[in-house]
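Visitor: I am new to this structure and should like to understand how its features come by their names. May I put some questions to you while we look at it together?

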Amino acid sequence: MPPGEIRLGANQYGKAEVRLVRVTRDTAVHEIEDLNVTSQLRGDFTTAYTEGDNASVVATDTQKNTVYGFAKEHGVGSPEAFLTTLGRHFVDEFAWVSGGRWAAEQYAWERIAVDGQPHDHAFVRSGREVRTAVVQIHGDTTHVLAGLQDCTVLKSTGSEFHGFPRDRFTTLVETDDRILATSITAWWRYRPGATDGGGTDWNDLYAGIRDTILATFARVHSLALQQTMFEAGRAVLEAFPAVAEMKMSCPNKHHFLVDLEPFGLENPGEVFYAADRPYGLIEATIEREGEPAAPEAWATVPGFC
Ligand SMILES: O=c1[nH]c(=O)c2[nH]c(=O)[nH]c2[nH]1
């Protein structure tokens, strides 16, 4: 191709945000799984862009229907397993599909308690926290990323911040007792191969990793949000050998002590103003020495360093 000629670069396409609610009703005690699924294919689709030739374009409508068909035939089970089955289907069925990206958010529902008993088929959405997963297939390699977002946590003490450099623009007062609050977005990458074989209990892994992150937030006496985040990542990597690395993005949701002196009142850490912006934004990758990096696994997870 002569220099300067216009050509097609990287591309992917599919159906975004397929809202899927799967009810399992084998018994009177129903189960629900509530997901938002995105399917995107990569491969040899050049002529669709350059010539309008759709001979190889697996319609985005077909991709959406496959999500619903597979939910009926295979169930969901876990977002990681469902996305892997979906992705492998497209790669195995269509010779020109070499890979793609399959992503899901999962929303949690709890049973409503009636007279102290969990109801069989009535549910209440639990919290704003969202479970996330991305499966990326590149030929023979399958990368599984999992995570959570909008997981808002707060500790009312056990957090300090001091020892930072001061210049003429520094007004922040050092503190040995403050509120630490954040909304955790975390992604972790499972080691390729560590979770193969179909026997992986993705739901157990997710629950264990989530618990570890939250317990670390609670347990660690924080000297900075940075330190708390690193300790959460360290705890996950130490407890879960299947995890290759973890990325976190955490806004520091500042809570400022209100000055009550004009009203003749003391305020020993009791009344705060919860500011919504600006906020500190701390992002980090916590990784294992010697673990091969996988930049292609992260290529379509935006907003992380
Ligand atoms: O935990 C914190 N990390 C910072 O980097 C920072 N900067 C700041 O003003 N407050 C805080 N708190």
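Visitor: How do you know which residues are in contact with threonine 60, leaving aside its neighbours within four places in sequence?

Guide: Contact requires heavy atoms within 4.5 Å. In this predicted model, the residues in contact with threonine 60, apart from those neighbours, are Tyr13, Gly14 and Lys15. Threonine 60 itself is found in helix H2, which covers residues 60-74.

Visitor: Why is threonine 60 called partly exposed?

Guide: A residue is buried under 20% relative accessible area and exposed over 50%. Threonine 60 has a relative accessible area of 24%, which lies between these limits, and it is therefore partly exposed.

Visitor: What does UniProt list for "active site"?

Guide: An unreviewed UniProt entry lists Lys15, Thr60 and His254 under that heading.

Visitor: How do you know that they do not all gather at one spot?

Guide: The listed residues span 240 residues in sequence, and the farthest two C-alpha atoms are 42.8 Å apart, so a single gathering place for the whole set is ruled out. From this set, His254 belongs to the lining of the largest pocket.

Visitor: What makes strand E2 mostly covered?

Guide: Strand E2 comprises residues 31-43, and 10 of its 13 residues are buried, that is, under 20% relative accessible area.

Visitor: How do you know that E1 and E2 pair?

Guide: Pairing requires at least two bridges. Strand E1 (residues 13-24) is joined to E2 by 10 bridges, so the two strands pair, and they run antiparallel. Arginine 22 stands opposite glutamate 33 in E2, and the two strands form a hairpin with 6 residues between them. E2 is also joined by 10 bridges to strand E3 (residues 97-114), again in antiparallel fashion. Here asparagine 36 stands opposite glutamate 105 in E3.

Visitor: Why is a space inside the structure called a cavity?

Guide: The name applies because a 1.4 Å probe fits there but cannot get out. The structure holds 1 cavity of 30 Å³ or more, and the largest cavity has a volume of about 60 Å³. Its lining includes Thr182, Phe217 and Met248. Two or more lining residues come from each of strand E6 (180-190), helix H4 (202-219), helix H5 (225-239) and strand E7 (243-252). H5 gives the most, with 4 residues.

Visitor: What is the make-up of the lining of the largest cavity by class?

Guide: The lining has 8 nonpolar, 3 polar and no charged residues.

How values were computed:
Residues are numbered from 1 along each chain as its sequence is written. This is a predicted model: local features need pLDDT of at least 70, side-chain atom pairs count only at pLDDT 80 or more; totals for chains, interfaces and linings use all residues. Side-chain values use heavy atoms; hydrogens and water are left out. On a 1 Å grid over the protein atoms alone, a cavity is a set of points where a 1.4 Å probe fits but cannot get out, and a pocket is an open set with protein on both sides within 12 Å along at least five of seven lines; lining residues have an atom within 4 Å of a point. Grid points are joined across faces, edges and corners, and a volume is the space filled by probe spheres set on the points. Ala, Val, Leu, Ile, Met, Phe, Trp, Tyr, Cys and Pro count as nonpolar, Asp, Glu, Lys and Arg as charged, and the others, Gly among them, as polar. Buried means under 20% relative accessible area, exposed over 50%, partly exposed in between (1.4 Å probe, protein chains only). UniProt positions are given in the numbering used here, feature names are shortened, and annotations may be inferred rather than shown by experiment.
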